[in-house]
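Reader: I'd love a close look at one part of this model, namely the place where charged side chains pair up. Could you walk me through that part and then set it in the chain as a whole?

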Amino acid sequence: MIITNITTKGNTVTSSLSGSLSINEDTGEIIIRKSGVEVLRLDETGFKYYDSQSVLRISMGQNEQGQEQIIVYGADGKAQILMGQKPSSGAPILAIAEPGRDVIQDLA
C-alpha cells in the first residue's frame, strides 16, 4: 500500500508503511530504504546492497582508479571477495580473503 508519493524537481519518493523508493533524475540515483535504513543504492558509481544493520555487503562498479570490480563484504564490513580487476595492476582477478581479513588490503 502506497502511503505517500512526493514529486519535486527531478526527484520522486514513494513511501509505504515499511519503506521508500527514491528516484532522483538530477543525480541519477535510485535508493531503496526499509524502515528508514538504506538497503540498496544505484548511482553513477555502481550498485550497493546493505544488510538490515546498514553494513555494505555487495558493491559492483568502478573503484577510484576506474577499474571494474564486484566486491562481497563480510558481516564485519571488510571486503571478503573481489572479482574484477586487481587494484594495483588492473589485471583480471578473483580473490578471496580469510574471514576477518580485507581482500583489497591484502592485495595492496
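Author: Happy to! Let's start with Arg41 and Glu29, whose side chains form a salt bridge with an N to O distance of 2.6 Å. This pair ties together distant parts of the chain, since Arg41 sits in strand β5 (residues 37-43) and Glu29 in strand β4, 12 residues apart. Please keep in mind that the model is predicted.

Arg41 has a second partner: its side chain also meets that of Glu38 in a salt bridge, here at 2.9 Å, N to O. How open to the surface are these two residues? Arg41 counts as buried because its relative accessibility is 17%, under the 20% cut-off. Glu38 counts as buried too, again at 17% relative accessibility.

Another salt bridge joins Asp51 and Arg57, with 3.4 Å from N to O. Its two ends are covered to differing degrees: Asp51 is buried, with a relative accessible area of 13%, whereas Arg57 is partly exposed at 25%. Returning to the pairs described before, salt bridges with shared partners join Glu29, Glu38 and Arg41 into one network. The count for the model comes to four salt bridges. As a general point, side chains of opposite charge can pair when their charged atoms come close.

Strand β4 brings us to a neighbouring topic, the nonpolar surface. Leu21, Ile23, Ile30, Ile32 and Leu42 make a nonpolar surface patch of about 340 Å². Two elements, β3 (19-24) and β4 (29-34), each give two or more residues to this patch. One of the patch residues, Ile23, lies in strand β3 and is partly exposed, with a relative accessible area of 36%. Ile23 therefore clears the patch requirement of over 30% relative accessible area.

Now for the chain around these features. The protein chain has one helix and 10 strands, and from the N terminus on the order is β-β-β-β-β-β-β-β-β-β-α. Its C-alpha trace spans about 45 × 25 × 15 Å along the principal axes. The radius of gyration is 17 Å, while a compact globule of 108 residues would have one near 13 Å. Among contacts between residues at least 6 apart in sequence, 3% join residues at least 24 apart.

As for cover, 30% of the 108 residues count as buried; Arg41 is one of the residues that count as buried. The accessible surface of the protein chain comes to about 7000 Å², and carbon and sulfur atoms account for 56% of that area.

Note on methods:
Residues numbered from 1 in each chain as written. Predicted model: local features only at pLDDT ≥ 70, side-chain atom pairs only at ≥ 80, totals over all residues. Heavy atoms only, no water. Patch = residues over 30% accessible without salt bridge, like charges linked within 9 Å, V, L, I, M, F, W, Y side chains within 5 Å. Areas by Shrake-Rupley, 256 points an atom, 1.4 Å probe, with all protein chains shown as cover. Helix = DSSP H or I, 4+ residues; strand = E, 2+ residues; numbered from the N terminus. Buried < 20%, exposed > 50% of the residue type's maximum accessible area, 1.4 Å probe, protein only. Rg over C-alpha atoms; globule rule 2.2 N^0.38 Å. Contact = heavy atoms within 4.5 Å.
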